[in-house]
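Biologist: Please take me through this one, one question at a time.

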Amino acid sequence: MKYKIFLLIFAISLISSIIITANSSTGICTIGGGCDTVNDSPYGSVFGIKNSVYGIFIFSFMLLLTAIHIKRPNRHTRRVIHAAVLIGAAIALYFLYLQFFVIRLFCNFCLVVDLGLLIALIFL
């Protein structure tokens, strides 16, 4: 049951990451609003790559791995999923801290990803 919840959380996080990445060309978020400010801040990328691009790859991989685990459970995929949720939740807490206390603006789609990972941690 919890892996189906993880599957849903990873799917929603993947969609949010895609929206964040495509925001500059689609204008889904308000121009000059929280999304642009958060994502264009010094904390919005690592090694010159936007965090949302990392999210697309990570959540795609986690979706695939979780689907495989649901079909054929084994302890190795379970451990990777659990480690990803733990690491993801720690990173989510850091990003929430940055949005609340450093940048003082919020990206709604970033909040969806971050809160989703914290919910996944609760189910872990």
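Biologist: Good, let's start with His-69: in which helix does it lie?
Modeller: A quick note first: this is a predicted model, where local features need pLDDT of at least 70 and side-chain atom pairs count only at pLDDT 80 or more, while totals for chains, interfaces and linings use all residues. Residues are numbered from 1 along each chain as its sequence is written, and side-chain values use heavy atoms, leaving out hydrogens and water. Helices (H or I, at least four residues) and strands (E, at least two) are DSSP runs, numbered from the N terminus. On that basis, the helix holding His-69 is H3.

Biologist: Is His-69 buried or exposed?
Modeller: Buried means under 20% relative accessible area, exposed over 50%, and partly exposed in between, with a 1.4 Å probe and protein chains only. The relative accessibility of His-69 is 4%, so His-69 is buried.

Biologist: Which residues is His-69 in contact with, leaving aside neighbours within four places in sequence?
Modeller: Contact means heavy atoms within 4.5 Å. There is also a C-alpha separation of 10.0 Å between His-69 and Lys-4, 65 residues apart along the chain. With neighbours within four places left aside, the contacts of His-69 are Tyr-3, Asn-74, Thr-77, Arg-78 and Ile-81.

Biologist: And Thr-66, which backbone oxygen does its side chain reach?
Modeller: Thr-66 is also a residue of H3, which covers residues 51-71, and it is buried because its relative accessibility is 0%. Not counting residues up to four places away, it touches Tyr-3, Phe-6, Leu-7, Phe-10 and Ile-81. A polar contact is a pair of N or O atoms within 3.5 Å; within protein, one must be able to donate a hydrogen and the other to accept it, and residues adjacent in sequence count only if both atoms are side-chain atoms. At 2.7 Å, the side chain of Thr-66 reaches the backbone oxygen of Met-62.

Biologist: How are H3 and H4 placed relative to each other, in a word for their angle?
Modeller: Axes are lines fitted to C-alpha atoms, for helices over the stretch in contact, and angles run from 0 to 180 degrees between N-to-C directions. H3 and H4 pack at about 150°, with axes 10 Å apart. Angles under 35 degrees count as roughly parallel, over 145 as roughly antiparallel, 65 to 115 as roughly perpendicular and the rest as oblique. H3 and H4 are therefore roughly antiparallel.

Biologist: Which residues of H4 meet H3?
Modeller: From H3, the residues involved are Asn-51, Phe-61, Met-62, Leu-65, Thr-66 and His-69. On the H4 side, they meet Thr-77, Arg-78, Val-80, Ile-81, Ala-84 and Phe-95.

Biologist: How far does H4 reach from its first C-alpha to its last?
Modeller: H4 covers residues 75-103, which makes 29 residues. The expected span of a helix is 1.5 Å times one less than its number of residues, and for H4 that gives 42 Å. The reach in the model is close to this, at 40 Å.

Biologist: At the start of H4, which residue has its backbone nitrogen approached by a side-chain oxygen?
Modeller: The side-chain oxygen belongs to Asn-74, and it comes to within 2.9 Å of its partner. That partner is the backbone nitrogen of His-76.

Biologist: At the other end, what is the phi of Arg-104?
Modeller: Most residues other than glycine have a negative phi. Arg-104 follows H4, in the loop between H4 and H5, and is exposed because its relative accessibility is 62%. Its phi is positive, near 60°.

Biologist: How are H4 and H5 placed relative to each other, in a word for their angle?
Modeller: H5 covers residues 108-123, and it packs with H4 at about 140°, with axes 8 Å apart. The contact includes Val-85, Gly-88, Ala-89 and Ala-92 of H4, and Cys-110, Leu-111, Asp-114 and Leu-118 of H5, among others. H4 and H5 are therefore oblique.

Biologist: Which residues does His-82 touch, not counting residues up to four places away in sequence?
Modeller: His-82 is found in H4 and is buried, because its relative accessible area is 18%. Not counting residues up to four places away, His-82 touches Lys-2, Tyr-3 and Leu-124.
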